[in-house]
Amino acid sequence: NQTPECYSYEDCKATADWLLSQTDIRPLVGIVCGSGLGGLANMLKDQVVFNYKDIPNFPQSTVHGHAGRLVFGTLKGRPCICMQGRFHIYEGYPLQKGVYCVLGGPSFETIAECRMLHRMGADAVGMSTVHEAITARHCGMRVFALSLITNQAVMDYESKEKANHEEVLQTGKDRAMQLEQLVSTIVIRIEHSNNYA
Ligand SMILES: O=P(O)(O)O[C@H]1O[C@H](CO)[C@@H](O)[C@H]1O
Ligand code: HPA
């Protein structure tokens, strides 16, 4: 396996689909075992083990003491997964990142515009958030921005799909509970941190 410059959604999905097809275990908890702590995975009962080298698109452990195995099993009856070996930037692995690009709106992008933005390196496009973040930074605020990706950009002239506001609203509705939980959790953590600088 060669280290790619980044892992695309499709790469990650292929990995996930492969793993899901290999085991019936659906973990509730994921544990990343650090150096010397790979033994934590031995706590798991009814283990199903995969060597990283056998998993499609999966990085390899290069650090001494990181076994390079993904271990599914149960811990106290709960389905779990342990990574025996983690990945570090210093090993040359990229961080997964996305570039959000903003346009003025209110029209959705044409196919040509979507293709242009993609060629320029954009992974997502929106009509807000960037303006808000720039203004907030101008006012000296610290900013954390969260974007829900609600629809796929149409890149293909043959496609019958069209970006539309109904789909955006529907995805918002579908994900509302998860977002409420995520935002509440983030807010609680901010309150418990002294980092107000
Ligand atoms: O950015 P928010 O307000 O979430 O809304 C997004 O959804 C609308 C397009 O469907 C646009 O207004 C776009 O900016
Ligand atoms: O497809 C989109 N393009 C631009 N802004 C958006 N906001 C939600 N969906 C979109």
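A residue counts as near a molecule if its C-beta atom, placed from the backbone, lies within 6 Å of it. Keep that cut-off for the ligand exercise. The model is predicted.

**Exercise 1. Judge the confidence and describe the overall fold.**

Step 1. Start with the confidence values. The mean pLDDT of the chain is 91. Of its residues, 95% reach 70 or more. For the complex, the predictor gives an ipTM of 0.95 and a pTM of 0.68.

Step 2. Count the elements. The chain has 4 helices and 6 strands. Along the sequence they follow the pattern α-β-β-β-β-β-α-β-α-α.

Step 3. Look at burial and contacts. The chain has 197 residues, and 11% of them count as buried. Take the contacts between residues at least 6 apart in sequence: 59% of these join residues at least 24 apart.

**Exercise 2. List the residues that surround each ligand, and sort them by character.**

Step 1. Apply the 6 Å cut-off to ligand 1. G105, G126, M127, S128, H165 and V168 surround ligand 1.

Step 2. Sort this shell. It holds 2 nonpolar residues, 4 polar and no charged.

Step 3. Repeat for ligand 2. Its shell consists of F108, E109, V125, G126, M127, T150, N151, A153, A163 and V168. Here 6 residues are nonpolar, 3 are polar and 1 is charged.

Step 4. Compare the two lists. G126, M127 and V168 appear in both shells.

**Exercise 3. Find the partners of β4, and place them in register.**

Step 1. Take β3 (69-75) and β4 (78-84). These strands run antiparallel and are joined by 7 bridges. V71 stands opposite C82 in β4.

Step 2. Inspect the turn. The hairpin of β3 and β4 has 2 residues between the strands, and K76 there takes a positive phi near 50°.

Step 3. Find the other partner. Strand β1 (residues 29-33) pairs with β4 in the parallel sense, over 5 bridges. V29 stands opposite C80 in β4.

Step 4. Check how covered β4 is. It is mostly covered, with 5 of its 7 residues buried.

**Exercise 4. Which residues make up the largest nonpolar core, and which element gives the most to it?**

Step 1. List the members. The core has 9 residues: A41, L44, L70, V71, F72, C80, I81, C82 and M83.

Step 2. Assign them to elements. β3 and β4 each give two or more residues to this core. β4 gives the most, with 4 residues.

Step 3. Follow one member. Leaving out residues up to four places away in sequence, A41 touches C33, V71, C82 and Q84. V71 and C82 also belong to the core.

Step 4. Set this against the general rule. In soluble globular proteins, nonpolar side chains tend to be buried together.

**Exercise 5. Is E132 buried or exposed, and what about its helix?**

Step 1. Locate the residue. E132 is in helix α3 (residues 130-138).

Step 2. Count its neighbours. The cut-off for exposed is 12 or fewer other C-beta atoms within 10 Å. E132 has 12, so it is exposed.

Step 3. Widen the view to the helix. α3 has 9 residues, and the number buried is 0, so the helix lies largely in the open.

Step 4. Look past the helix. G140, just after α3, takes a positive phi of about 85°. V143 is 11 residues from E132 in sequence, and their C-alpha atoms are 9.4 Å apart.

**Exercise 6. Locate the backbone exceptions in three loops.**

Step 1. Recall the norm. Most residues other than glycine have a negative phi, and most peptide bonds are trans.

Step 2. Find the cis bond. It joins G105 and P106, with omega about 0°. P106 lies in the loop between β5 (100-102) and α2 (111-119). G105 is also in the shell of ligand 1.

Step 3. Turn to N57. Its phi is positive, near 60°. N57 sits in the loop between β2 (45-51) and β3. It has 16 C-beta neighbours inside 10 Å, so N57 counts as partly exposed.

Step 4. Finish with T129. This residue is not a glycine, yet its phi is positive, about 60°. The loop that holds T129 runs between β6 (124-126) and α3. T129 is partly exposed, because 15 other C-beta atoms lie within 10 Å.

Technical notes
Residues are numbered from 1 along each chain as its sequence is written. Chains are lettered from A and ligands numbered from 1 in the order in which they are written. This is a predicted model: local features need pLDDT of at least 70, side-chain atom pairs count only at pLDDT 80 or more; totals for chains, interfaces and linings use all residues. A nonpolar core is a set of buried Ala, Val, Leu, Ile, Met, Phe, Trp, Tyr and Cys residues joined through C-beta atoms within 7 Å. A residue is buried if 20 or more other C-beta atoms lie within 10 Å of its own, exposed if 12 or fewer, and partly exposed in between; C-beta atoms are placed from the backbone. Two residues are in contact if their C-beta atoms, placed from the backbone, lie within 7 Å. Ala, Val, Leu, Ile, Met, Phe, Trp, Tyr, Cys and Pro count as nonpolar, Asp, Glu, Lys and Arg as charged, and the others, Gly among them, as polar. pLDDT is the predictor's confidence in each residue, from 0 to 100. Two strands pair if DSSP finds at least two bridges between them.
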